[in-house]
Amino acid sequence: MARANGRGEQLTWDEICERFPDEWVVLVDTSWVNEQDFEFGTARVVAHHKRRKDASPAVKAAFQNHDEVGCFWTGAIHGASPRLSLS
Amino acid sequence: MKVTRFDADRDLIIVTGRVWGPHGRQWRPLRLVLDTGAAETIILPEVLDELGYSPSQGEAITVMRSAVGREEGYLIRVTRFTCLGYQAGDFRVHAHDLPEGWGIEGLIGLSFLKQLNYEVRSVEGRILVRRAVTDAVRARTPRRPTRSGRLRGSLRNRPGGTPEQPI
């Protein structure tokens, strides 16, 4: 697991993106400014990974001590929507 | 009316949702693409696994056909889901992988959106949402009966949280 340096440090989203570019960051202690939008004051990064699946163990570990755990991509978001068919 | 903001400069409309675990205590904030062309609301399987859900709790196997081929997922009910200022209890989502490079954890589709009236103001980067529960909508939204035979409604708001309105 890639644990974040300075794990106790509260960071803004801009600071997180600057320190961990193009990575999935596992966040706890997030102080949501507006819970409806993606807007928070600061959060604590407990792990960071290049691949989303690699972040899962860190998310599960964080749930041992927190009721809310976030995992967000710090890079650009893009992609086309898939289409579904049920069987 | 609820107002949700999004970054109008992006190619996609990204909104924030939340999904709760099976015991209703732990939850995950999610970034989701608003997709009015998708029938189901999709959440990455690892998100559901992290919250304590299991594929064995799924209701049906599903298939997603895309440019890269045919992949299986499953339908599963989560105890609570919120997005755009509204919440749904016992809400069915589609657990399915998305390409790694997308940077999102799911899509919000018509399974959630069809219960709302919404107006996307692309230039302003705002989504205006009103609840629109009518008899016709209820009739189109099958809900699983509880053991007592009653229909499951929405759950109460989380104490101390934003007062999302039940759908």
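Which strand of chain A pairs with β1(A), and over how many bridges? Keep that in mind as you open the viewer, and remember throughout that this is a predicted model.

**Stop 1: the sheet in chain A**

Select β1(A) together with residues 43–49 of chain A. Those residues are strand β5(A), and the two strands run antiparallel with two bridges between them. To see one of these pairings, pick Q10(A): its bridge partner in β5(A) is R44(A). Now widen the selection to the whole sheet. It is open, has four strands in the order β1-β5-β2-β6 of chain A, and is antiparallel. At its edges are β1 (10–11) and β6 (70–73) of chain A, each with a pairing on one side only. Next, add residues 52–62 of chain A, which form helix α2(A). This helix packs on the sheet, where it touches β2 (24–28), β5 and β6 of chain A, and its direction makes about 10° with that of β2(A).

**Stop 2: an overview of chain B**

Hide chain A for a moment and show chain B, which has three helices and 11 strands. Walking along its sequence, you meet them in the pattern β-β-β-β-α-β-β-β-β-α-β-β-α-β. Chain B has 167 residues, of which 40% count as buried. Among its contacts between residues at least 6 apart in sequence, 59% join residues at least 24 apart.

**Stop 3: a three-stranded sheet in chain B**

Select β1, β10 and β9 of chain B: in that order they make an open, antiparallel sheet. The strands at the edges are β1(B) and β9(B), the latter covering residues 116–121. On average, neighbouring strands here are turned by 20° against each other, direction ignored. Zoom in on β1(B) and β10(B), the latter spanning residues 126–131; four bridges link them in the antiparallel sense. R5(B) is a good place to click, with R126(B) in β10(B) as its bridge partner.

**Stop 4: the nonpolar cores**

Which residues touch the most other members of the largest nonpolar core? Select V19(B), L32(B), I43(B), C83(B) and V93(B), which do so within a core of 37 residues. Elements giving two or more residues to this core include β2, β3, α1 and β10 of chain B, along with β6 (69–83) and β7 (86–95) of that chain. Centre the view on V19(B). Beyond its neighbours within four places in sequence, V19(B) contacts W27(B), R28(B), L30(B), I43(B), V47(B), L51(B), V78(B) and F81(B). Another core lies apart from the largest one; it has 20 residues, among them I16(A), W24(A), V46(A) and W73(A).

**Stop 5: where the chains meet**

Bring chain A back. The contact draws 29 residues from chain A and 40 residues from chain B. On the chain B side, two or more residues come from each of β1 (2–5), β2 (14–20), β3 (27–34), α1 (45–51) and β5 (60–66) of chain B. The largest share, seven residues, belongs to β5(B). Colour this side by class and you will find 16 nonpolar, 11 polar and 13 charged residues.

**Stop 6: colour by confidence**

Finally, switch to pLDDT colouring. Chain B has a mean of 83, with 78% of its residues at 70 or more. Where in chain B is confidence highest, and where is it lowest? Helix α1(B) has the highest mean, 97, while α3(B), residues 135–140, has the lowest, 53. Select residues 146–162 of chain B too: pLDDT stays under 50 there, and the model has 24 contacts beyond four places in sequence for this stretch. For the complex, the predictor gives an ipTM of 0.86 and a pTM of 0.82.

How values were computed: Residues are numbered from 1 along each chain as its sequence is written. Chains are lettered from A and ligands numbered from 1 in the order in which they are written. This is a predicted model: local features need pLDDT of at least 70, side-chain atom pairs count only at pLDDT 80 or more; totals for chains, interfaces and linings use all residues. Two residues are in contact if their C-beta atoms, placed from the backbone, lie within 7 Å. Ala, Val, Leu, Ile, Met, Phe, Trp, Tyr, Cys and Pro count as nonpolar, Asp, Glu, Lys and Arg as charged, and the others, Gly among them, as polar. pLDDT is the predictor's confidence in each residue, from 0 to 100. Two strands pair if DSSP finds at least two bridges between them. Axes are lines fitted to C-alpha atoms, for helices over the stretch in contact, and angles run from 0 to 180 degrees between N-to-C directions. A nonpolar core is a set of buried Ala, Val, Leu, Ile, Met, Phe, Trp, Tyr and Cys residues joined through C-beta atoms within 7 Å. A residue is buried if 20 or more other C-beta atoms lie within 10 Å of its own, exposed if 12 or fewer, and partly exposed in between; C-beta atoms are placed from the backbone.
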